[in-house]
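Here are my notes for your read-through. Please keep the structure open beside them.

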Amino acid sequence: MTAPAFPPPLALERVPGVLGRIVHERAADYAHADPDPGPARPAARRFEAALSGPALALIAEIKRASPSQGAIAPLDPVDAARAYEAGGAHALSVLTEPRHFDGTLDFLHRITAAQSLPALRKDFVVHPAMLREAAEAGAAAALLMVSVLGEATGAYLAVAEHLGLDALVEVHDEAELDIALGTGARIIGVNNRDLKTLHIDLDVSPRLIARARAAGFTGVLVAESGYRTPADLRTVRGLADAVLVGTSLAASGDLAQAARDLMQP
Ligand SMILES: O=P(O)(O)OC[C@@H](O)[C@@H](O)c1c[nH]c2ccccc12
């Protein structure tokens, strides 16, 4: 397999608000990193498979802090991963952004070495080296944000696929969804949180998921952010394949029980 062309440079100055600040920091962190993705790896599609059953699947997030909440809980990443697995989670999301989410790439290494749930690298990917690192850390998938990558999303998707990673391609509005659909993404996530303002609107996921299905999308659809109670999930049951939940589980004090309680039909 030939290596994908290096993704084009990103026009990050157009990304506003909180998100703009974070992606500028991440771009500076990786400014001198080697853009070569390295050798091709076979596609295992473990993350995709874990979300593809008939029931609404749970992607449980290891999230110790966030820009909207500040400190959430000083989770031990491996203990948290095991607790989520015991609570019935189908996959994990591991924040590796250090300044605002109190994450590190090392969490991903430790989690994938210690347990078997497929793990997503949750970060602000702005450089191909971040995908190479994810593969080397044993991740099954990586997040790609259309709000950050814009028209370069497809090029980053090609790098992820070269590395055998599933990609969760994240959107927040109709225009971003149309870009995601055009890339041939197999997994699309709809973020209820506007990362420019941090405002949450639980109507965003059902609206954009219905639009993706109406456009003929047959892949996996994930509803993301702001889910706290089983009642909150009624808006996406029967519509989404999976939900991605962080803060409400991480802050609960009993991660396994919180995961069970949230997902009860
Ligand atoms: O903590 P919440 O509201 O349950 O949300 C989880 C997840 O969706 C959120 O952390 C998230 C979604 N997309 C992101 C992109 C970057 C950082 C974080 C995120």
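The points below cover a helix, a serine, the internal spaces, the salt bridges and one alanine.

1. Status of the model. This is a predicted model. Please read every value below as computed from it.

2. Helix α8. This helix spans residues 153-162. Its buried residues are T153, Y156, L157, V159, A160 and H162. What packs over them? The cover includes three helices, α6 (128-136), α7 (146-149) and α9 (174-183). Strands β6 (141-145) and β7 (166-171) are also part of that cover. Just after α8 comes G164, with a positive phi of about 75 degrees.

3. The cavity. How many cavities of 30 Å³ or more are there? The count is one. The largest cavity has a volume of about 60 Å³. Its lining brings α8 back into view: L157 and E161 are among the lining residues. L165, D166 and A167 also line the cavity, as do A185, R186 and I187. R45 and E48 complete the list. Helix α8 and strand β7 each supply at least two of these residues. By type, the lining holds five nonpolar and five charged residues, with no polar ones.

4. The largest pocket. This one holds about 450 Å³ of space. It is lined by 32 residues, and E61, K63, R193, S225 and T247 are the closest to its centre. Two or more lining residues come from each of α1 (17-29), β6, β10 (242-245) and α11 (247-250). Helix α1 gives the largest share, three residues. The lining is a mix: 15 nonpolar, nine polar and eight charged residues.

5. The second largest pocket. Its volume is about 210 Å³. Of its 14 lining residues, P9, V126, H127, P128 and Y156 are the closest to the centre. Y156 also appeared in point 2, as a buried residue of α8. What is the make-up of this lining? It has 13 nonpolar residues, one polar and no charged.

6. S205. This serine sits in helix α10 (residues 204-214). Is S205 buried or exposed? Its relative accessibility is 0%, so S205 counts as buried. A polar atom of its side chain lies 3.0 Å from the backbone oxygen of V190. Setting aside residues up to four places away in sequence, S205 touches V190, N192, A223, E224, Y227 and V236. V190 therefore turns up twice, as a polar partner and in the list of touching residues.7. Salt bridges, overall. Side chains of opposite charge can pair when their charged atoms come close. A search of the whole structure finds 15 salt bridges. Three of them are taken up in the next points.

8. E25 and R21. Their side chains meet in a salt bridge, at 3.8 Å from N to O. Both residues are in helix α1, four residues apart, so about one helical turn separates them.

9. R121 and E133. This salt bridge has an N to O distance of 2.8 Å. R121 belongs to strand β5 (residues 119-122) and E133 to helix α6, so the pair ties together parts that are twelve residues apart in sequence. Are R121 and E133 buried or exposed? Both are buried. The two are also linked into a network of salt bridges with R26, D29, R99 and D123.

10. R207 and E174. The closest N and O atoms of this salt bridge are 2.8 Å apart. R207 lies in helix α10 and E174 in helix α9, so the pair ties together parts that are 33 residues apart in sequence. R207 is partly exposed, with a relative accessible area of 40%. E174 also counts as partly exposed, at 26% relative accessibility.

11. A86. This alanine lies in helix α3 (residues 77-86). Which residues does A86 contact, leaving aside neighbours within four places in sequence? They are A256 and R260. A86 and L244 are 158 residues apart in sequence. In space, their C-alpha atoms are 17 Å apart.

How values were computed:
Residues numbered from 1 in each chain as written. Predicted model: local features only at pLDDT ≥ 70, side-chain atom pairs only at ≥ 80, totals over all residues. Heavy atoms only, no water. Buried < 20%, exposed > 50% of the residue type's maximum accessible area, 1.4 Å probe, protein only. Contact = heavy atoms within 4.5 Å. Polar contact = N/O pair within 3.5 Å; in protein donor to acceptor, adjacent residues only side chain to side chain. 1 Å grid on protein atoms, 1.4 Å probe; cavity = no way out; pocket = protein on both sides within 12 Å on 5 of 7 lines; lining within 4 Å. Points joined across faces, edges and corners; volume = space filled by probe spheres on them. Nonpolar A, V, L, I, M, F, W, Y, C, P; charged D, E, K, R; others polar. Salt bridge = Lys/Arg side-chain N within 4 Å of Asp/Glu carboxyl O.
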